[in-house]
Amino acid sequence: MKIIGTGSELPSLAVTNEMLSEILDTNNEWISTRTGISQRRIISEESLTELAVSASKKALKNANLEAKDIDFIICSNTVNNYVLPGLSCIVQGELGAHCPCIDLNSACSGFIYALYMAAAYLDMGKVKNILIVCAEEPSKMVDWHARDTSVIFGDGAGATVVTQGKNLKSIHLTTTCAIEPLYYQRELEYNPYTHKQEFKPLVMNGKDVYKMAVNASVQDINTVMKEAHVTQKEISFYLLHQANVRIIETIRDFLGENEDKFPKNIHKYGNTSSASIPILLDEMNMNGQLKDGDILVMSAFGAGFSTGACVMEWSNRMTAAEPPQNNKM
Ligand code: UT7
């Protein structure tokens, strides 16, 4: 598998820490020192579907493909206005694509789970080009009166197009059921045969998630590097889920790596859940920061508790002329 196109889209409204301090008992100093976030983008006028479609169109353009060339759409999403149909189906319609679509909810780890699924689909040899779009609006899950959760999240969409190739060097997923540290319950319809169900906006035990995230990410990174037979010296960049700058720094400390290998955009966008890595990847691609042959480690963690990491060789060369191959990862 290899990535041949990237795209992203963010909401137009930038909500600064100062703006939050007007509606919550918080302040810029606390938010920026504890999280590294200065502002986040929040959906106001636009819809999540519009962001997902725009990110997907950009990724297709970057891959030099059209909607008709897409053989499968995988959409990583936690909430949107529709419970059904899946957001992937809505994106398909807006793009004018004609291919099977599937949604996956693996919270913040969704992009790595989508890569894993895409690799398996490509491995079957039935599809050539897969669009992965991660579109998230955690602003619709958090309690905007709760300062401990609302300040860290942001909305956004990141997309990639993947095709057959030999650039995915290793990939590893884990899931360990742990509901209490991070969950969100949606209000469901009245049913005359059951008691009214209580629901809760996003609940997070930040300290527990922090510890689980650091331990899991360090372990996952070591696992995928070992499986890919790469050393730290060979890694160009570590693209970590943008959850908290302190989490990224702690993981970097454990690995004993240089700061410049850990690109960050959390200060601008906050934690955009599964969209954070593909948005970061797109920014780096568009800024020309990625060179053919760069070895990238990507690592994410989130509710579930689910985690995933992979080692991917970057190559932005077009593959349109290459015949489909049923190659192994
Ligand atoms: O994508 C995966 C999902 N989530 C994560 O990755 C989150 C992981 N966890 C974290 O990033 C951090 O735990 C947080 C940023 C959420 C919190 O940072 P912390 O250093 O663990 O702070 P804390 O929860 O221990 O709170 C310290 C203090 C508390 O006050 P007291 O009890 O010491 O008086 C909080 O009430 O900070 C207070 N506090 C705030 N103060 C000002 C909590 N939120 C805020 C706030 N503004 N927004």
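## Figure legends: the chain and its ligand

**View 1. The whole chain.** Ten helices and 13 strands make up the secondary structure of the chain. The model is predicted. Along the principal axes, the C-alpha atoms fill a box of roughly 55 × 50 × 35 Å. A compact globule of 329 residues would have a radius of gyration near 20 Å, and the chain, at 19 Å, agrees with this.

**View 2. The ligand in its pocket.** The ligand sits in the largest pocket. Four elements give two or more residues each to the shell around the ligand: α2 (28-35), α6 (147-150), α7 (206-228) and α8 (245-255). Helix α7 supplies the largest share of this shell, with four residues.

**View 3. The residues around the ligand.** The ligand has 21 residues around it. Those that come nearest are T26, K207, H241, N244 and N271. Sorted by class, the shell holds nine nonpolar residues, six polar ones and six charged ones.

**View 4. Polar contacts of the ligand.** Three side chains are shown here, each with an N or O atom facing a ligand oxygen in a listed pair: W30, R147 and H241. For W30, the distance to an oxygen atom of the ligand is 3.1 Å. For R147, the distance is 2.9 Å. For H241, one of the residues that come nearest to the ligand, the distance is 2.8 Å. Taken alone, the ligand exposes 960 Å². The protein buries 75% of that area.

Definitions and conventions. Residues numbered from 1 in each chain as written. Predicted model: local features only at pLDDT ≥ 70, side-chain atom pairs only at ≥ 80, totals over all residues. Heavy atoms only, no water. Near = heavy atom within 4 Å. Polar contact = N/O pair within 3.5 Å; in protein donor to acceptor, adjacent residues only side chain to side chain. Areas by Shrake-Rupley, 256 points an atom, 1.4 Å probe, with all protein chains shown as cover. 1 Å grid on protein atoms, 1.4 Å probe; cavity = no way out; pocket = protein on both sides within 12 Å on 5 of 7 lines; lining within 4 Å. Sits in = over half its atoms within 2 Å of the grid points. Nonpolar A, V, L, I, M, F, W, Y, C, P; charged D, E, K, R; others polar. Rg over C-alpha atoms; globule rule 2.2 N^0.38 Å.
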